[in-house]
Amino acid sequence: MLFEYNKDSGVIEDILDKTELLAGKTYFGYCRNASFAIWSGTNFVYLRDGTVRGTYYTEELPHPADDDGTDVFVPLRNLNPLNVICFRCLHMYDILSVPRTRIKRLKQFEPECPKCACRIYFS
Ligand SMILES: [Zn+2]
């Protein structure tokens, strides 16, 4: 099991605490509609598909500690870093922790090298 419920507090263990989060950083985890979100300092923000093709809107979700009964984003600690080497600058980085950006005219968000923003890598 990657995570377990803490029976005393009711909060899942092995998730990142609010004090460990940095505003503006992208975190991997889970909620009903997304597998990564950006911590704004008070809430997690993520992009969601709009009703019209190619449109997006943002939604905010609280940390599990501020559960209001609807949905929460659970930021998971990265237990297995997946290191890759950039094709252009040979910088080694963890592909699961780098920011993901969307290429123009593509729907998919893809990880990019933190040094040169190249998206091609050796795995
Ligand atoms: Zn690079």
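Let's start with Cys31, which sits in the loop between β1 and β2. When I say strand, I mean a DSSP run of E with at least two residues, and a helix is a run of H or I with at least four, both numbered from the N terminus. Before I go on, a word on what we're looking at: this is a predicted model, where local features need pLDDT of at least 70, side-chain atom pairs count only at pLDDT 80 or more, and totals for chains, interfaces and linings use all residues. Residue numbers start from 1 along each chain as its sequence is written.

So, is Cys31 buried, exposed or partly exposed? Cys31 is partly exposed, because there are 19 other C-beta atoms within 10 Å. The cut-offs go like this: 20 or more other C-beta atoms within 10 Å of a residue's own is buried, 12 or fewer is exposed, in between is partly exposed, and the C-beta atoms are placed from the backbone.

Who does Cys31 touch, if we leave aside neighbours within four places in sequence? It's Leu61, Asp71, Val72, Phe73 and Val74 that are in contact with Cys31. Contact here means C-beta atoms, placed from the backbone, that lie within 7 Å. Take Leu61: Cys31 and Leu61 are 30 residues apart in sequence, yet 8.6 Å apart in space, C-alpha to C-alpha.

Okay, zooming out. The protein chain has zero helices and ten strands, so to read the elements from the N terminus you just say β-β-β-β-β-β-β-β-β-β. Of the 123 residues in the protein chain, 12% are buried. And if you take the contacts with a separation of 6 or more, 40% of them come from residues 24 or more positions apart.

Now the sheet around our cysteine loop. Five strands make an open, antiparallel sheet, and the order is β4-β3-β2-β1-β5. Edge strands are β4 (56–61) and β5 (74–75); each has a single partner strand, so one side of each is left without a neighbour in the sheet. Pairing, by the way, takes at least two DSSP bridges between two strands. As a reminder, strands of a sheet pair through backbone hydrogen bonds, either parallel or antiparallel.

Let's walk through that sheet. β1 (residues 26–30) pairs with β2 (residues 36–39) in the antiparallel sense, over three bridges. On that pair, Thr26 is opposite Ile38, and Phe28 has Phe36 as its bridge partner. The hairpin joining β1 to β2 goes through five residues.

Next door, β2 pairs with β3 (residues 44–49) over two bridges, again antiparallel. Trp39 is bridged to Phe44, and Ile38 stands opposite Val45. Between β2 and β3 there's a hairpin of four residues, and Gly41 in the turn has a positive phi of about 115 degrees.

Then β3 and β4 run antiparallel, joined by six bridges. Arg48 in β3 has Tyr57 in β4 as its bridge partner. This hairpin has six residues between the strands, with Gly54 in the turn at a positive phi of about 90 degrees.

What packs together here? The largest nonpolar core has ten residues: Ile15, Tyr27, Ala37, Trp39, Phe44, Tyr46, Leu61, Val72, Phe73 and Val74. A nonpolar core, for this purpose, is a set of buried Ala, Val, Leu, Ile, Met, Phe, Trp, Tyr and Cys residues joined through C-beta atoms within 7 Å. β2 and β3 each supply at least two residues of this core. For a closer look, pick Phe44: beyond its neighbours within four places in sequence, Phe44 is in contact with Ala37, Ile38, Trp39, Glu60, Leu61 and Phe73.

On to the other sheet. Three strands form an open one in the order β7-β6-β10, with antiparallel pairing. Here the edges are β7 (92–94) and β10 (121–122), each with a single partner strand, so one side of each is left without a neighbour in the sheet. β6 (residues 83–86) is joined to β10 by two bridges, and Cys86 has Tyr121 as its bridge partner in β10.

Last thing: backbone oddities. Most residues other than glycine have a negative phi, and most peptide bonds are trans. Leu90 has a positive phi, near 60 degrees; that residue is in the loop between β6 and β7 and is exposed, because 12 other C-beta atoms lie within 10 Å. Ala117 also has a positive phi, near 65 degrees. You'll find Ala117 in the loop between β9 (109–111) and β10, and with 13 other C-beta atoms within 10 Å, Ala117 is partly exposed.

Methods:
Two residues are in contact if their C-beta atoms, placed from the backbone, lie within 7 Å.
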